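Me: I have a model open and want the terms checked against the numbers. Please keep the replies short.

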Amino acid sequence: MPIRVLPDALVMRIAAGEVVERPASVVKELVENAIDAGATDIRIECLEGGKRLIRVADNGSGIPAAEVALAFTHHATSKLTSAEDLSSIHTLGFRGEALASIAAVSQVTCLTRHTDEVSGTLLRLDGGRIVAQVPAGRAPGTTMSIEHLFAHVPARLKFLKSVTTERSHIDGVVVRYAMAYPHIRFVLSHDGRPSFQSPGSGNLRDVLVEAYGPDTAAQMVAVDAPATEGQVAVSGYVGLPPLDHANRSKITLFVNGRPVQDAKLAHAVIQAYHTLLMTGRYPVAVILVHLPPTEVDVNVHPAKAEVRFRDPDSVFSAVQRAVRRTLLEHLAPPQPSSALSRPPEAYSVPWSAQPAIPGSAAWERIGIARQAQGEVEQPVPSSPAPDLRQGAPAQSADGAPTVGAGGGLPALRILGQLAQMYILAEGPEGLYLIDQHAAHERVLWERLMAQHARGELPSQALLDPVAVTLPAESASLLADQHDLLRALGFEIEPFGSNTFLVRSVPALMLQDDIAAALREIVADLETGEPVLRQALEARVLRRVCKRMAIKAGRVLSLAEMQALVRDLEACESPRTCPHGRPTMIYLGLKQLEKEFGRLG
Ligand code: ADP
Ligand code: MG
């Protein structure tokens, strides 16, 4: 074929392909234009994932009547005048390509009124050609309606994904701009139903609450590193471990208010979490980098999704340092003089003040009389070294939790395992030694008690019923307590003299040695004074927990330790096991300083 210059319409279509890849690209360009126009309120409506309609309405400056048609021609922009401007771009748009490209592959209706003009303009285009232009009324601002995107471009249409997929791409775009511009109110709807809304309060945290939900947002802390000599300012929010995510998709990056995909920048954020997250898990972070426009080239990608830094290393290290410092500030011991840094002695719970029965609230919930407390073995602390405090500083004197949340335990960072028995964890103000068995007992206990209180203690039938023979006296006791055991998930039936057949057990016990367990449970029921039924039930469940809790001597992976400590943090009474013994011992930094002769 001979060489030919392509007809204009075809050139436009090819060019449009670079900018307009899918409905979300249109939303991105229109939202950027609204932001550049100084809008404080941007409303986005989509039908069928944007395939049928995308409408973006803003309250920005509007377009003067004389320039509306021009806005839709190629290389038409109000944002650049000279080549020098290109090296200091302060607006999101600058290429003057978006409207022309969008118009080339859809039907556009533009209703706009410039703030300085008394009436507005309605302009209609089909496939890039103007079909109507008339004066029309509107409050200052612009509404762009894009219909039948790619209707004339079958190749593109074929590559569009399902409505759900296109919709979620649009959501992603709008959420990102809402994060970068928290003072702008964004309202997004799909097929007439609200999908996302930001309040425009100027506070990024408010946007995070809308985007990620209050639970996740509450686990994020502000990053604020103003520009220093390097001229790179870093702000945003980062998730505190254990908040994490399965992939990098929740690392959101902006450079000068522009959402960017930059693997190296994302890596800088990931590096800042080094050792704080499990391998294979990724942070949740929203990072905004600001630097002089001369330090960054935004003109390297047709959709402006990538940027090039003049001095990449300084940007990456500024991000890494800012994030790391924020994380350490929130995870490590606070500095003296803050309310949290009182010596642990000031607010640790003395051992004698610990309730004899932990989780008494749970007990009351299931109606166990207080007198039941009498039958719990009183823990005898084995005269701990004076520098080790049992129980941990849980609450400051004014009752506010120190750090993190969850049953009065601060957020703990796992350091490792000691003697296959203890989990070592760093918390604010010191080291925690957690007894893995006692901690797991506590977790199981609260879970079982809650299930029991709701009458939902799961029972599981054994594939092969287990026959257990007991001494005559125990056998008659077991027969007496048949109902009680049944309520806890044991299905036991007589099977000849002094022998019983166990058919079902509490689901937790499925892997247990059932015969041995039953003997222990019967022994528990035999000991001591006759007590209330609820107390006997508690005895049985305590035995179940004891048997099923992780044993000392078991090597735990980091993930197992993290999961266990997280479960413990969620407990009502995390500091003692169901038998009243401590689950943890705390060694304060102050005490360490004393021991090492650093103090007084
Ligand atoms: P660019 O944003 O790169 O300048 P566009 O094709 O996106 O190019 O827009 C062309 C011009 O149209 C802009 O420079 C701006 O002057 C005007 N414009 C587009 N959208 C709006 C809007 N929502 N409000 C005000 N002016 C707009
Ligand atoms: Mg633009």
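What follows takes the ligand site and then some points of the chain.

Reply: This is a predicted model, where local features need pLDDT of at least 70, side-chain atom pairs count only at pLDDT 80 or more, and totals for chains, interfaces and linings use all residues. Residues are numbered from 1 along each chain as its sequence is written, chains are lettered from A and ligands numbered from 1 in the order in which they are written, and side-chain values use heavy atoms, with hydrogens and water left out.

Me: What makes a residue count as being around ligand 1, and which come nearest?

Reply: One of its heavy atoms must lie within 4 Å. There are 20 such residues, and Asn-33, Thr-77, Ser-78, Lys-79 and Gly-96 come nearest.

Me: Why is the pair between Lys-79 and ligand 1 called a polar contact?

Reply: The term needs a pair of N or O atoms within 3.5 Å; within protein, one must be able to donate a hydrogen and the other to accept it, and residues adjacent in sequence count only if both atoms are side-chain atoms. An N or O atom in the Lys-79 side chain is 2.7 Å from an oxygen atom of ligand 1, so the pair qualifies. Asp-58 has a side-chain N or O atom 2.8 Å from a nitrogen atom of the ligand. For Thr-142, a polar side-chain atom lies 3.3 Å from a ligand nitrogen. The protein covers 93% of the 530 Å² of accessible area (Shrake-Rupley method, 1.4 Å probe) that ligand 1 has on its own.

Me: Which helices supply at least two residues of the shell around ligand 1?

Reply: α2 (23–36) and α4 (98–104) each do. Helices here are DSSP runs of H or I with at least four residues, and strands are E runs of at least two, numbered from the N terminus.

Me: Why is Arg-22 with Glu-166 called a salt bridge?

Reply: The rule asks for a side-chain nitrogen of Lys or Arg within 4 Å of a carboxyl oxygen of Asp or Glu. Here the closest N and O atoms are 3.0 Å apart, so the pair passes. Arg-22 lies in the loop between α1 (8–19) and α2, and Glu-166 in α6 (residues 163–180), so the bridge ties together parts 144 residues apart in sequence. The structure holds 22 salt bridges.

Me: Where is His-75, and what is its phi?

Reply: His-75 is in the loop between α3 (68–71) and α4. Its phi is positive, about 55°, although His-75 is not a glycine.
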